[in-house]
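User: Could you take me on a close look at the place where the two helices of this protein pack together, and then at what surrounds it? I'd love one connected walk-through that I can follow with the model open.

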Amino acid sequence: MKLLLAIVQDPDAGRLQKALTEAGFGVTRLSSTGGFLRRGNTTLLIGIEDEQLDGVTEIVSRVCRRRQEMLVPGASVVDPEGVFSTVPDTVEVGGATLFVLGVERFMKL
Ligand code: 2BA
């Protein structure tokens, strides 16, 4: 079994939650905040069997869009030596950031 952490943009989150639920997957939706843009995004927890991974990633890539986002004033990048680097005016966000974790045990009590 695997646990997917899917970090997606808020405008995609409702449609993704609906598509996954309609496909029979269990989903938990958490409000989260991106560390770089400091804007709200959504993290979905999705518990699946190993063989369902391709099906879920297909749904996620179909629903989630890439978008250009303006940087907020004060957003900055620090290089490994601690020097602030120039950052662009916009960044491309998404479609989705996925973490796939092995699940040692799944229980419903
Ligand atoms: P944010 O941290 O708000 O990042 C938004 C976008 O800003 C990123 O899009 C990326 O294009 C850019 N970005 C992020 N950190 C940067 C940096 N240090 N320097 C320059 N540009 C940077 P995505 O890569 O699509 O990430 C979307 C969201 O997914 C992130 O929002 C964050 O909430 C999450 N995320 C991405 N990578 C992650 C990671 N390795 N660990 C945990 N969360 C991650």
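Analyst: Happy to. A word on terms before we start: a helix axis here is a line fitted to C-alpha atoms over the stretch in contact, and angles run from 0 to 180 degrees between N-to-C directions. Please keep in mind that this is a predicted model.

Let's set the scene. The protein has 2 helices and 8 strands, and along the sequence they follow the pattern β-α-β-β-α-β-β-β-β-β. Of the 109 residues, 26% are buried. Among contacts with a separation of 6 or more, 68% are between residues 24 or more positions apart.

Now to the helix pair. Two packed helices are described by the angle between their axes and the distance between the axes. Helix α1 covers residues 10-22 and helix α2 covers residues 53-63; their axes come within 10 Å and cross at roughly 150°. Because angles over 145 degrees count as roughly antiparallel, α1 is roughly antiparallel to α2. The crossing of these two helices is right-handed.

Which residues in α1 and α2 meet? From α1 come D12, R15, L16, A19 and L20, and from α2 come V56, I59, V60 and V63. Sorted by class, this contact has 7 nonpolar residues, 2 charged ones and no polar ones.

One of the α1 residues at this contact, D12, deserves a closer look. Is D12 buried or exposed? With a relative accessible area of 0%, D12 is buried, since buried means under 20%. A polar atom of the D12 side chain lies 3.1 Å from the backbone nitrogen of R65. Leaving out neighbours within four places in sequence, D12 is in contact with V63, C64, R65 and R67.

That list leads us to C64, which sits in the loop between α2 and β4 (67-70). C64 is buried too, with a relative accessible area of 8%. Besides D12, its contacts beyond four places in sequence are V8, L16, G95 and A96. Both D12 and L16 also belong to the set from α1 that meets α2. The pairing with V8 spans a good stretch of chain: C64 and V8 are 56 residues apart in sequence, but their C-alpha atoms are 7.2 Å apart in space.

G95, another contact of C64, is worth finding in your viewer. Where is G95? It lies in the loop between β7 (90-93) and β8. The peptide bond from G94 to G95 is cis, with omega near -5°. As background, most residues other than glycine have a negative phi, and most peptide bonds are trans.

Following the chain into strand β8, which covers residues 96-102, we come to T97. T97 counts as partly exposed, at 41% relative accessibility. Setting aside residues up to four places away in sequence, T97 touches L5, A6 and I7. T97 and Q9 are 88 residues apart in sequence, with 9.7 Å between their C-alpha atoms.

A6 and I7 turn up again among the contacts of T43, a residue in strand β3 (residues 40-48). T43 is buried, with a relative accessible area of 13%. Not counting residues up to four places away in sequence, T43 touches T28, R29, L30 and S32 as well as A6 and I7. With S32 there is also a polar contact of 2.8 Å between the two side chains.

Two loop residues round off the tour. R38 lies in the loop between β2 (26-33) and β3, and its phi is near 60°, a positive value in a residue other than glycine. R38 is exposed, with a relative accessible area of 53%. Q52 is found in the loop between β3 and α2, where it is partly exposed at a relative accessible area of 31%. Q52 and M1 are 51 residues apart in sequence, and their C-alpha atoms are 9.3 Å apart in space.

To return to your starting point, the picture is of α1 and α2 crossing at roughly 150°, with D12 among the α1 residues that meet α2. From D12, a contact leads on to C64, and from C64, further contacts include V8 and G95.

Terms used: Residues numbered from 1 in each chain as written. Predicted model: local features only at pLDDT ≥ 70, side-chain atom pairs only at ≥ 80, totals over all residues. Heavy atoms only, no water. Helix = DSSP H or I, 4+ residues; strand = E, 2+ residues; numbered from the N terminus. Parallel < 35°, antiparallel > 145°, perpendicular 65-115°, else oblique. Left-handed = near helix turned anticlockwise from the far one by under 90°. Contact = heavy atoms within 4.5 Å. Nonpolar A, V, L, I, M, F, W, Y, C, P; charged D, E, K, R; others polar. Buried < 20%, exposed > 50% of the residue type's maximum accessible area, 1.4 Å probe, protein only. Polar contact = N/O pair within 3.5 Å; in protein donor to acceptor, adjacent residues only side chain to side chain.
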